[in-house]
Amino acid sequence: MRRKGFVVVSVLLIPVVVLIPVLAQTTVKGAHAQVTYPPSLETHARNIAQIVDAAWQSYADLYDLPLPQVLQVKITLDPNQRLQLYTDGKDSFFLQLSNERQLLPPNQGGPHNVYGFCHEMGHIVFYHRMKSTTGMPDGIGEGWAHYFGSVIVSHVFEKLGEKAWTPPHNYHESSGVPRLTLQVNNPQYLQRDPVTRAAKMLYDVERKFGKKALGQAINKTLAQQPTGKELVPKFVAALVEVTGDASAAQLVPQEFLQSSVRWRTQNRDITNKDLYRGLQTETQDGLTRLRYDDGVMDGKRSMAGSGHAVIFRKPEGKWQLVGVEIFGSRYGTPQPPQEDFSVYLCDAKFEVLKEFKVPYAKFERGPDKWVKIELPATDMPEFFYLCVGFNPTATKGIYVGYDKNTAGHSRMALPDSHVTDAEGFDWMLRCYLKPSDAARQRG
Ligand SMILES: [Ca+2]
Ligand SMILES: [Zn+2]
């Protein structure tokens, strides 16, 4: 009996002990920072709130660059996670720690934490005012956040000094303008790293035209809500306008003016007919349907920062695309988000021929099923991609089913961004065609 009693007690105790550190989160509020943290990190949470407030003001004072009024910082401590600091690009960033040694300053083996918050805010400065990051050239996202993170962390140091962090240290020397200056003047770094070249671009602009002009050019750029592809070309135009100096454009390396699709695929050339083995052409609902999958799902996936693409070859003759069908389900809030996702029809070079916007509400939560999406009849070339971008996050997205009984025709891809082979499966994504109506086309 005693033994049994003892067992019951331990069963009750264990969950309590395990749950407390996971659930108990406390919040400290600053003027702009709202820091949520496990109780053991109280001191650092207060440090972070003060640093984020100071950095928020530095972005405004030095560059006139606005940030959201309230920035959420979420700190978690869990030995099962790896050290990570990242942002949702809107108004939050996340510091994931696996142990408290990761709060030590850089000269004691820790990461550049103080700089890191200023860096994430640099991402938010851009991303929260952009239409999307699609097509952003390699190096720009990190390079520009690095530039601002470095300048801002030095400015924060002027205001708060060494004691802003526990233990106190000179984060200006370790992680601010001195480090940045060494990097952008190091030929080896410049040669091998687009991030350094992108940081040097802003460094050069600021040295020549000053902080106010740089801030104005960026504000003019972001006021147009650019995509990642448009960001740098619009920045160049704005910079020339703000400075009244056409030669300002020369400070922007050519490599950043075209978006570069990153190809990680065995078959960049999709006009090879051998690639379309396994493509089934059948009649369904009075239309012609193309598919690879066997109708039985073997897994499903949602991918932040990417999309689901499948290559197709149309049958002989003239056809128009009239629909796609996707096997999947929605996750997230019970109510679908009030936004559209994109279906792209792309040519054999993965250039967008047409983008169709489709309401998220097309997909329901619950069991996965076929969802048919009608599209306005559209001509397409012999070889084409259909790509669907759901812009998923942790709280909204679509799981797209895949089939392992077929492979080689699918990619993880987004236009102007990247094309990566989906290895060992094809997305359950079909398309519907109808013979093109020559008479109606003439009319
Ligand atoms: Ca299957
Ligand atoms: Zn970053």
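Visitor: What makes residues in helix 4 meet residues in helix 6?
Guide: Their C-beta atoms, placed from the backbone, lie within 7 Å, which is what contact means here. Tyr-147, Ser-150, Val-151 and Ser-154 in helix 4 satisfy this with Val-177, Arg-179 and Leu-180 in helix 6. Four residues of this contact are nonpolar, two polar and one charged (nonpolar: Ala, Val, Leu, Ile, Met, Phe, Trp, Tyr, Cys and Pro; charged: Asp, Glu, Lys and Arg; polar: the others, Gly among them). The model is predicted: local features need pLDDT of at least 70 and side-chain atom pairs pLDDT 80 or more, while totals for chains, interfaces and linings use all residues. Residues are numbered from 1 along each chain as its sequence is written, and chains are lettered from A and ligands numbered from 1 in written order.

Visitor: How do you know the angle at which helix 4 and helix 6 pack?
Guide: Lines are fitted to C-alpha atoms over the stretch in contact, and the angle, from 0 to 180 degrees, is taken between N-to-C directions. For helix 4 and helix 6 (residues 177–184), the angle is about 145 degrees and the axes are 8 Å apart. The helices are DSSP runs of H or I with at least four residues, numbered from the N terminus.

Visitor: Why are helix 4 and helix 8 called oblique to each other?
Guide: Their angle is about 50 degrees, with axes 7 Å apart. Under 35 degrees is roughly parallel, over 145 roughly antiparallel, 65 to 115 roughly perpendicular, and the rest oblique. Helix 4 and helix 8 are therefore oblique. In helix 4, Trp-144 and Tyr-147 are among the residues that meet helix 8, where Leu-202 and Tyr-203 are included. This contact has nine nonpolar, three polar and two charged residues.

Visitor: What makes helix 8 short of a straight helix?
Guide: Helix 8 (residues 194–222) has 29 residues, and its end C-alpha atoms are 22 Å apart against an expected 42 Å (1.5 Å times one less than the number of residues). At Gly-210, helix 8 bends by about 120 degrees, the angle between axes fitted to the seven residues ending there and the seven starting there.

Visitor: What is the angle between helix 8 and helix 9?
Guide: Helix 8 and helix 9 pack at about 120 degrees, their axes 8 Å apart. Phe-209 and Ala-213 in helix 8 are among the residues in contact, as are Leu-231 and Phe-235 in helix 9. The contact divides into ten nonpolar, three polar and three charged residues.

Visitor: How do you know that the peptide bond from Thr-166 to Pro-167 is cis?
Guide: Its omega is near -5 degrees. Pro-167 lies in the loop between helix 4 and helix 5.

Key. Helices (H or I, at least four residues) and strands (E, at least two) are DSSP runs, numbered from the N terminus. Two residues are in contact if their C-beta atoms, placed from the backbone, lie within 7 Å.
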